[in-house]
Structure formats: structure tokens, C-alpha cells
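Work through the exercises below with the structure open beside you. Try each task before reading its solution.

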Amino acid sequence: MKLLVAVDEHAYSRYAVDQAASLAANTWPDVVMLAVEKKRSYVAEEELDKEQAHPKIRMLRRYHADFLETLGPDVQIYGQTPQPVEDGNSEALEEDASGRKSFRLRVRKGNPVKAITAEAQAAGSDLVILGCSHHEGGWGRGSDVPGKVADAVDCSVFIIRENMAPSKVVCCLDHAHVTQESLELINQCVTLYGADLEIVGVLKHGELKDEVEAKMGEVLDYYLERGIKALLRVVEQDSLDAFIEAGGKNDLMALWLTHKSPLQRLLPGHRVASLVNHSFSSLLILR
């Protein structure tokens with residue numbers, strides 16, 4: 001698994017780093033921690049040391065230390081001290097903190113959405129984690145960055161609201177095309193947070209409720225076989241947006257969205273961005 005943790009200077013990013021580390025303790029992914037800085041052509045970088053020219057490097061080092069602290073002193077799979085990586089052709093400033101698993105600190109310049117999307121593609125990320133508050137998205141550009149990232153990247157995205165403590169994972173999955181990796185990631189979240197699991201089927205026009213429940217039963221059986229109790233419910237297609245937006249701050253809403261998924265047709269990109277930016281809950285977009 002390849003994990004990209006995108007951070008800024010706000011408290012929600014520190015919380016997201018802590019949650020990313022807790023997830024990493026169970027999955028041992030390769031990690032890239034990314035910060036985005038404004039282009040500052042007026043600064044003569046050659047006259048400054050790296051931390052003066054690029055203060056986000058100092059921030060990344062603090063978050064790296066927080067990440068390792070969450071894992072605990074007995075975990076040695078990641079390195080301890082970031083080391084500069086010299087690459088004149090690189091599009092980003094980089095430090096290597098790898099151990100047995102890769103851990104990279106990177107700073108890109110420019111627009112946060114474009115920078116995060118470019119890094120996710122370059123790193124071949126399986127999951128992007130980024131934090132935001134319950135009221136404003138932060139990221140120096142208002143409240144729309146998390147939604148735009150969720151819409152733009154090709155991989156799964158975990159939008160973590162500040163001080164999230166999920167008591168319930170609400171899982172909207174298409175039974176026919178869901179991947180083993182997605183089912184396992186939800187399993188990890190349920191275990192990590194000690195949360196209840198609710199599996200939601202979408203009743204599309206012309207379908208019967210019994211048909212939808214039968215389809216979602218395959219997903220339900222997957223978790224029951226692993227000792228995870230789950231509830232099954234059905235939501236009408238026309239009520240799906242309102243259902244997701246109504247998720248409470250102690251819920252984690254998980255949506256299975258690929259070009260093959262009926263949910264993707266019900267929730268095209270611009271609607272995904274809107275749901276992310278207006279929802280009170282944390283959201284896990286699975287691809």
C-alpha cells in the first residue's frame with residue numbers, strides 16, 4: 001500500500017497525521033508526507049538556508065516526529081532522521097526518512113489541488129489522507145480544496161474532520177465491483193475506531209427493496225465471516241445526497257466510486273466535491 005498524507009499548518013492536519021499513523025500501524029504502507037507552498041520568486045533562495053527558504057520543511061519534520069510518536073518507540077520500520085535528497089531535476093523538495101519501509105517528506109509549489117493530484121499520480125498512491133475542519137476547509141484557499149482533491153485524484157481519498165471520533169462507519173458499496181482492498185480498508189477503520197458498521201444499498205428507480213438487500217448481503221457476509229457485526233439498510237436513489245450530507249460528525253461515510261460503480265453515475269465528480277465540502281462527517285472515497 002502507498003499512502004500520501006497531505007498536510008498544512010492547521011491543527012486538523014496534525015490530527016490527520018495522528019490518524020494516518022494509527023492506520024499505518026496496521027497496514028505498514030510506504031508513506032509520502034506532502035506540504036504545498038506558494039511560489040515565491042522574489043526570494044533569493046541561494047542566499048538562504050533550506051529551512052528559511054522553505055519553512056514547510058520544518059513543519060514536515062514536526063509532523064514526521066508526531067507520526068513516529070504515535071507509532072511508539074518500539075516501532076522501527078520507518079527511519080528516525082530525515083535526510084536531504086539532492087535531485088536537481090525534481091519538481092519537489094524532498095527528504096528521505098525511510099527505514100525498512102519508504103517514508104518521504106516532500107514540498108511542492110503552487111496550487112494545493114494540482115500539487116496533491118500531481119504527487120498522488122507520481123507516487124502511485126493507493127490512498128490520499130488530508131484533514132480539514134468542520135467549518136472551513138483551510139488550505140489557504142477557502143473550503144473547497146478537500147472536495148476538489150477528492151474529485152481530481154484517481155485513487156481512494158480519506159477526508160478526516162478535525163477531532164473525528166467515529167462511532168459508526170456507514171458504508172455505501174456496490175456489491176458487484178467492490179475490491180478486496182476496499183473491503184479490507186473499511187475493516188481496518190472499523191477495528192481502528194471500535195466503530196459500528198452499517199452497510200447501505202441504494203434503491204434505484206425500478207428496483208425492489210428485497211433485490212437490493214439480497215445484493216448487499218454478499219458484502220454483509222464478508223464482514224460477518226470476520227466477526228464484524230453489521231446492519232443493513234436501503235436508501236432511495238433520490239435521497240442519497242441528503243443521506244450522505246446528514247451524516248453526523250461522529251460518522252465516517254464510505255462511498256465506493258469507480259467508473260464501473262452505479263454510485264459513480266449517481267454521484268458525478270462535481271457532486272462528490274460538493275458532498276465532501278458540505279458534509280459534517282469524515283468521508284472515505286474508495287476507488
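The model is predicted.

**Exercise 1.** State the strand order of the open sheet and explain why E3 and E10 each have one side without a neighbour in the sheet.

Solution. Step 1: the open sheet has 12 strands, in the order E3-E4-E5-E2-E1-E6-E7-E12-E11-E8-E9-E10, and its pairing is mixed. Step 2: strand E3 (83-85) and strand E10 (230-236) stand at the edges and each has a single partner strand, so one side of each is left without a neighbour in the sheet. Step 3: the partnership of E3 with strand E4 (residues 93-96) is antiparallel and runs over 3 bridges. Here Pro84 stands opposite Glu95 in E4.

**Exercise 2.** Find which strands helix H3 lies across, then do the same for helix H6.

Solution. Step 1: H3 (residues 55-71) lies across E1, E2, E4 and E5, running at about 150 degrees to E2. Step 2: H6 (residues 180-193) lies across E6, E7, E8, E9, E11 and E12, at about 160 degrees to E12.

**Exercise 3.** Describe how helices H4 and H5 meet.

Solution. Step 1: the axes of H4 (residues 112-123) and H5 (residues 145-152) come within 9 Å and cross at roughly 35 degrees. Step 2: this crossing of H4 and H5 is right-handed. Step 3: H4 contributes Pro112, Val113, Ile116 and Thr117 to the contact, and H5 contributes Val145, Lys148, Val149 and Ala152. Step 4: sorted by class, the contact has 6 nonpolar, 1 polar and 1 charged residues.

**Exercise 4.** How many residues does the largest nonpolar core have?

Solution. Step 1: the largest nonpolar core has 59 residues. Step 2: Phe67 is among those with the most contacts inside this core. Apart from this core lies another, of 37 residues, including Cys172 and Phe243.

Technical notes:
Residues numbered from 1 in each chain as written. Predicted model: local features only at pLDDT ≥ 70, side-chain atom pairs only at ≥ 80, totals over all residues. Heavy atoms only, no water. Core = buried A, V, L, I, M, F, W, Y, C linked by side-chain atoms within 4.5 Å. Buried < 20%, exposed > 50% of the residue type's maximum accessible area, 1.4 Å probe, protein only. Axes fitted to C-alpha atoms, helices over the stretch in contact; angles between N-to-C directions. Helix = DSSP H or I, 4+ residues; strand = E, 2+ residues; numbered from the N terminus. Left-handed = near helix turned anticlockwise from the far one by under 90°. Contact = heavy atoms within 4.5 Å. Nonpolar A, V, L, I, M, F, W, Y, C, P; charged D, E, K, R; others polar. Pairing = 2+ DSSP bridges.
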